[in-house]
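I am opening these entries to keep track of what I looked up, beginning with the aromatic side chains and then turning to the ligands.

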Amino acid sequence: MAKKRALITGISGQDGAYLAQFLLNKGYSVFGGERQNASGSLWRLKYLGIEKKIKVIPLELLEENNVNDVVRNGKFDEIYNLAAQSFVANSYASPIFTSNVNALGVTRLLEAIRHFSNKTKFYQASTSEMYGNSNIKKQSEKTSFHPISPYAVSKLYAHWMVNMYKDAYGLFCCSGILFNHESPLRGDEFVTKKIISNLAKIKYGNLTKMGLGNIYSKRDWGFSKDYVEAMWKMLQKKKPENYVISSGKTYTVKEFVNKAAKNFGFNLSWTGVGLKEKAIDLNTNKVIISIEKKYFRPTEVNSLFGDSTKAIKELKWLPRTNLDKLIRIMCEYEKSKYN
Ligand code: NAP
Ligand code: G4F
């Protein structure tokens with residue numbers, strides 16, 4: 001039987017790398033879309049030892065003709081749209097670019113599928129950020145959306161477009177509403193990676209301290225490698241449906257810092273409030289974390305806490321890696337850079 005053909009947009013990103021690895025193990029031919037003016041690095045694919053197994057093709061979501069050509073010529077069985085301007089904090093400075101890629105980029109892909117490849121199944125990377133500050137304690141597929149950043153608004157547009165193309169044109173398209181997921185391959189700007197890589201630099205390198213923003217926001221953090229499996233499972237269902245994918249546990253950023261610091265042998269003591277709050281390492285009596293205004297956002301999602309009951313039941317999917325284990329994996333990776 002011919003190998004299934006999958007296109008992953010955003011192949012250079014965290015999830016792109018783990019999903020590519022997962023699909024190769026399933027026997028797929030994997031094509032990866034890389035944008036023009038890309039960061040130029042496929043280091044994540046190299047780290048996983050799969051860069052030679054992926055057929056990388058130029059794919060810029062801002063370019064309608066490029067999107068049409070790739071979809072028309074690719075004859076893909078499945079397309080996973082992971083490409084996005086994915087950093088919430090940056091979306092306030094670049095709301096138009098963020099919308100063009102994250103919102104209209106998805107319409108370009110859906111239109112291309114509708115016109116040139118309407119049997120291709122489509123996965124869209126939706127996000128828990130779409131819930132905003134929900135008054136529902138645990139967010140599920142039934143919880144209503146109140147996006148509060150340009151990023152979240154752009155993603156909700158895409159989410160509803162996917163629903164619309166499914167209903168109006170009968171395309172097999174669906175969205176995974178994924179809560180935060182992390183790994184050693186996470187971008188340096190995201191808080192988990194920032195905390196762990198900076199703790200490593202403080203312990204083994206030349207950094208003396210790091211600044212953070214709102215350490216009281218809560219996130220439901222899981223492991224990217226577990227979450228990409230759910231994306232694939234969604235496209236193997238008979239009918240397309242949306243699913244929440246989360247760990248079902250929530251922690252503050254401060255709790256994350258405390259757990260990560262223990263992995264490096266720091267003995268943290270917190271003092272002060274607001275912008276005066278800081279963490280001292282009692283081993284050295286030095287301040288290693290301070291709070292800095294520049295890291296606060298104009299609007300903040302205070303708490304995310306996911307309910308994946310539907311995915312657990314219908315996809316037989318489980319979050320296998322708890323936060324302590326995830327932090328251990330990420331810390332070991334950073335420590336290995338200094339050995
Ligand atoms: P990521 O590491 O930031 O990767 C984003 C990818 O999109 C990169 O490959 C990037 O290319 C590419 N890209 C950006 N603009 C593009 C454009 N105009 N045309 C084509 N490609 C473009 O993100 P991730 O953590 O893997 O997340 C994957 C997807 O899931 C994203 O859509 C994100 O919004 C969504 N999501 C993530 C999480 C999470 O916690 N990780 C949770 C929910 C949803 P460059 O390398 O060139 O920048
Ligand atoms: O790691 P973050 O930047 O992730 P955020 O904003 O939750 O978004 C991530 O998860 C979403 C799913 O919910 C994805 F859709 C999105 O693409 C991305 O992957 O920030 C997490 C929390 C925020 O509350 C932020 O205000 O950490 C807080 N924070 C505190 N200090 C900080 C910092 N965030 C960053 N990036 N840097 C800080 O210094």
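**Aromatic cluster**

I began with the aromatic rings of this predicted model, and noted that Tyr131, Phe145, Trp160 and Phe179 form one aromatic cluster. I then looked up the total, and the count comes to 15 aromatic pairs. For the pair of Phe145 and Trp160 I find ring centres 6.4 Å apart and planes at 70°, so I enter the pair as edge-to-face. This pair links distant parts of the chain, since Phe145 belongs to the loop between β5 and α6 while Trp160 sits in helix α6, 15 residues apart. I also checked whether Phe145 is buried or exposed; with 16% relative accessibility, Phe145 counts as buried, because the cut-off for buried is under 20%.

**Lysines over rings**

I next looked for charges over ring faces and recorded Lys121 over the face of Phe172, at 4.7 Å from the ring centre. I also recorded Lys194 over the face of Tyr295, where the distance from the ring centre is 3.4 Å, and I return to Lys194 under ligand 2.

**Ligand 1**

Around ligand 1 I find 26 residues, of which Ser12, Arg35, Glu60, Ser86 and Tyr151 come nearest. By residue class, this shell divides into 11 nonpolar, 10 polar and five charged. I asked which elements each supply at least two residues of the shell, and found α1 (14-25), β5 (121-127) and α6 (150-169); β5 gives the most, with three residues.

For the polar contacts, I noted a polar backbone atom of Gln14 at 3.0 Å from an oxygen atom of ligand 1, and a backbone N or O atom of Leu61 at 3.2 Å from a nitrogen atom of the ligand. From Arg186, a polar side-chain atom lies 3.2 Å from a nitrogen atom of ligand 1. Taken alone, ligand 1 exposes 900 Å², and the protein buries 92% of that.

**Ligand 2**

Around ligand 2 I find 23 residues, with Thr127, Tyr151, Ser217, Arg297 and Glu300 coming nearest; Tyr151 is thus an entry I had already made for ligand 1. The shell around ligand 2 divides into nine nonpolar, seven polar and seven charged residues.

Lys194, already noted over the face of Tyr295, has a side-chain N or O atom 2.7 Å from an oxygen atom of ligand 2. A polar side-chain atom of Arg219 likewise lies 2.7 Å from an oxygen atom of ligand 2, and a backbone N or O atom of Gly213 lies 2.8 Å from a nitrogen atom of ligand 2. Taken alone, ligand 2 exposes 710 Å², of which the protein buries 95%.

Note on methods: Residues are numbered from 1 along each chain as its sequence is written. Chains are lettered from A and ligands numbered from 1 in the order in which they are written. This is a predicted model: local features need pLDDT of at least 70, side-chain atom pairs count only at pLDDT 80 or more; totals for chains, interfaces and linings use all residues. Side-chain values use heavy atoms; hydrogens and water are left out. A residue is near a molecule or strand if one of its heavy atoms lies within 4 Å of it. A polar contact is a pair of N or O atoms within 3.5 Å; within protein, one must be able to donate a hydrogen and the other to accept it, and residues adjacent in sequence count only if both atoms are side-chain atoms. Accessible areas come from the Shrake-Rupley method with a 1.4 Å probe; for residues, only the protein chains shown count as cover. Helices (H or I, at least four residues) and strands (E, at least two) are DSSP runs, numbered from the N terminus. Ala, Val, Leu, Ile, Met, Phe, Trp, Tyr, Cys and Pro count as nonpolar, Asp, Glu, Lys and Arg as charged, and the others, Gly among them, as polar. Rings of Phe, Tyr and Trp (its six-membered ring) pair if their centres lie within 6.5 Å; planes under 30 degrees apart count as stacked, over 60 as edge-to-face and the rest as tilted. Buried means under 20% relative accessible area, exposed over 50%, partly exposed in between (1.4 Å probe, protein chains only). A charge sits over a ring if NZ of Lys or CZ of Arg is within 6 Å of the ring centre and within 35 degrees of the ring normal.
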